[in-house]
Amino acid sequence: MALISVVMPAYNAEKYISVAIESVINQTFSDWELIIVDDCSTDTTYKIVSQYVLQDTRIKLFRLDRNTGSAYLPRKKAIEMSSSNWVVNLDADDYLDTKNLELLYNRAIDTGCDIVLQRMISVSEAGEQNGRFICPQVNFDMSKVITGKEACMETIGNWSIGASGALVRRSIYNEAWNKYEEHFIGMNTDELLTRKLLLCSRLVSFCNVNYFFRDNQASITHTFSTKHFHILIINAQLRDIIVEEFGRNTKESRKMEKQVWNGILWCSILYVNNYFKIPQNERTIIRNNINAAWNSLRWGELRYCVSLWTYLLVGTNYHLLLFFIALKECVKKIFR
């Protein structure tokens with residue numbers, strides 16, 4: 001049994017997946033297995049990975065029966081197939097530092113923690129660092145150890161720490177899946193799972209090593225998709241979890257309520273700006289979902305997090321909020 005299982009969901013990743021696989025093969029730490037779950041790719045992804053399987057017995061490939069439309073489900077399948085006590089996630093278009101697994105594992109042993117986080121650095125499509133994103137920031141103390149709850153709150157409102165490529169104790173996945181129900185699978189589900197893992201962890205440490213993720217401007221995160229509105233559902237689920245863990249009317253629940261509020265504002269602007277791109281049969285559904293999220297706002301907690309002007313102006317009617325957003329966006333386009 002390998003010490004670390006690297007799990008990789010893959011869908012139409014022929015352009016970059018070789019770089020991701022090679023970054024695992026070239027690790028200074030050799031006691032690993034790489035489990036790749038192909039989400040019914042329509043390009044040569046499966047063929048490329050099959051060649052690596054023939055070359056290295058530590059690499060395993062599984063192909064799903066049908067496309068799931070989400071990286072979460074093939075990632076979960078890969079984790080369920082893993083045989084190690086430790087798991088590292090690696091996306092098919094990203095890659096690892098050469099000493100990544102060695103340093104993460106040593107850090108886990110030294111600190112006795114359940115999760116080791118590293119620094120995420122964005123790279124261009126060519127794989128070169130572009131300086132667009134780094135998390136945590138360079139002045140962050142990577143030597144500290146914090147509780148799982150503290151780490152979770154570092155992701156609420158703003159991701160001041162990142163979880164891509166984290167080394168996670170395998171049992172923490174089981175605990176998270178058993179403790180928290182999965183009500184919805186869609187875009188941002190991985191981000192929800194990250195919070196669940198952190199909350200189930202006793203201690204979280206950091207390691208001064210880099211995970212390189214490709215900043216693909218053509219990806220779904222950079223282009224419009226109705227899947228972006230999934231954040232409304234994810235935030236609602238996350239709020240229930242935060243309240244369960246920290247209680248109502250706490251600084252943590254207020255911080256979460258502001259995230260819900262910001263998600264509603266963002267989705268409202270997205271809806272207005274892309275109104276004619278949204279299929280007509282989906283517009284009413286999306287608008288009703290935004291309205292429902294607005295109606296669920298806990299104004300007693302939110303009033304501590306937003307300006308009095310905002311609270312008084314839009315705290316009475318969602319349609320008034322949508323009107324002001326539409327008006328603002330029109331003015332921006334006129335004077336652009």
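**Notebook: cores, a helix pair and Phe229**

I looked up the largest nonpolar core (buried Ala, Val, Leu, Ile, Met, Phe, Trp, Tyr and Cys residues joined through side-chain atoms within 4.5 Å; buried is under 20% relative accessible area, exposed over 50%, partly exposed in between, with a 1.4 Å probe and protein chains only), and of its 58 residues Ile115, Tyr173, Phe229, Ile242, Ile264, Ile290 and Leu297 touch the most other members. Apart from it I found another core of 34 residues, including Ile21, Val49, Val88 and Cys207.

I note that the model is predicted, with local features needing pLDDT of at least 70 and side-chain atom pairs pLDDT 80 or more, while totals for chains, interfaces and linings use all residues. Residues are numbered from 1 along each chain as its sequence is written, and side-chain values use heavy atoms, without hydrogens and water.

Next I took Phe229, which sits in the loop between β10 (203-214) and α8 (231-246) (helices are DSSP runs of H or I, at least four residues, and strands of E, at least two, numbered from the N terminus). Phe229 is buried, at a relative accessible area of 5%. Leaving out residues up to four places away in sequence, I list its contacts (heavy atoms within 4.5 Å) as Phe224, Cys267, Leu270, Tyr271, Ile278, Ile286 and Ile290. Phe29 lies 200 residues from Phe229 in sequence and 40 Å from it in space, C-alpha to C-alpha.

Last, I checked which residues join α1 to α2: Ile17, Ser18, Ile21, Glu22 and Ile25 in α1 meet Thr45, Ile48, Val49 and Tyr52 in α2.
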